[in-house]
Amino acid sequence: MRCEQCSMVPVTDIHTPQEYILCVGSMARMVLSGDAEIVYQNCPIDQLMDKDNKWVKEKFFHQFRCTKCGTIYGMLFNTKVGGQIKINDKVFDPSQYPDVEKKADNGDIGEKK
Ligand SMILES: [Zn+2]
């Protein structure tokens, strides 16, 4: 299903904001190089934080489609609990992205309020 152009996209859980920023960066590079295109986003990928480095939303969702094989990758990140990158069958189906429950042994995600 995937091709060599997009096979490096990690299909994985995202545990920390640092991981998320890395994923966003690699996706942005694929878009810039023409290997992928953004097909859905609820926030521009260069405006995830405001000028005070605060998240502008609690939940971010982006979809990228490989320009070669058409595989759609959905990237969800909830700033409170983490997120994931999954292969999507079609553009934007948020029901495939239930909130990740905070695990007891993983209490260092995000900020506790
Ligand atoms: Zn591909």
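A hairpin of 3 residues links strand E4 (72-78) to strand E5 (82-88), the two following one another through that short connection. Helices and strands here are DSSP runs, with at least four residues (H or I) for a helix and at least two (E) for a strand, numbered from the N terminus. This is a predicted model, in which local features need pLDDT of at least 70 and side-chain atom pairs count only at pLDDT 80 or more, while totals for chains, interfaces and linings use all residues. Residue numbers start from 1 along each chain as its sequence is written.

Back to that hairpin. E4 and E5 run antiparallel and are joined by 7 bridges; Met75, for instance, has Ile85 in E5 as its bridge partner. On the other side of the story is E3 (59-66), which makes a hairpin with E4 with 5 residues between them. Gly70 sits in that turn with a positive phi of about 80 degrees. E3 and E4 also pair in the antiparallel sense, over 7 bridges. Two pairs to look for are Lys59 opposite Asn78 and Phe61 with Leu76.

Zoom out and you get an open sheet of 5 strands with antiparallel pairing, in the order E1-E5-E4-E3-E2. Two strands count as paired if DSSP finds at least two bridges between them. The edges are E1 (13-14) and E2 (36-41), each pairing on one side only. Add the 1 helix and you have the full set of elements in the protein chain, which run β-α-β-β-β-β from the N terminus on.

That helix, H1 (17-32), packs on the sheet and touches E1, E2, E3, E4 and E5. Touching, or being in contact, means that the C-beta atoms of two residues, placed from the backbone, lie within 7 Å. The buried residues of H1 are Tyr20, Cys23, Met27 and Met30. Here a residue is buried if 20 or more other C-beta atoms lie within 10 Å of its own, exposed if 12 or fewer, and partly exposed in between, with C-beta atoms placed from the backbone. Seen down the axis of H1, the buried residues fall within an arc of 85 degrees (taken from the directions from the helix axis to the C-beta atoms), so they line one face of the helix. An α-helix has 3.6 residues a turn, so residues three or four places apart point the same way. The face turned away from the buried side of H1 carries the exposed Gln18, Gly25, Arg29 and Leu32. Just after H1, Gly34 takes a positive phi of about 85 degrees.

Now look at E4 again: 7 of its 7 residues are buried, so it is largely enclosed by the rest of the structure. Ile72, Gly74, Leu76 and Asn78 point one way, while Tyr73, Met75 and Phe77 point the other.

What holds the middle of the picture is the largest nonpolar core, with 17 residues. A nonpolar core is a set of buried Ala, Val, Leu, Ile, Met, Phe, Trp, Tyr and Cys residues joined through C-beta atoms within 7 Å. Cys23, Met27, Tyr73, Met75, Phe77 and Ile85 touch the most other members. H1, E3 and E4 each give two or more residues to this core, and E4 gives the most, with 5. Leaving out residues up to four places away in sequence, Phe77 touches Ile14, Tyr20, Phe60 and Gly83.

Methods
Axes fitted to C-alpha atoms, helices over the stretch in contact; angles between N-to-C directions.
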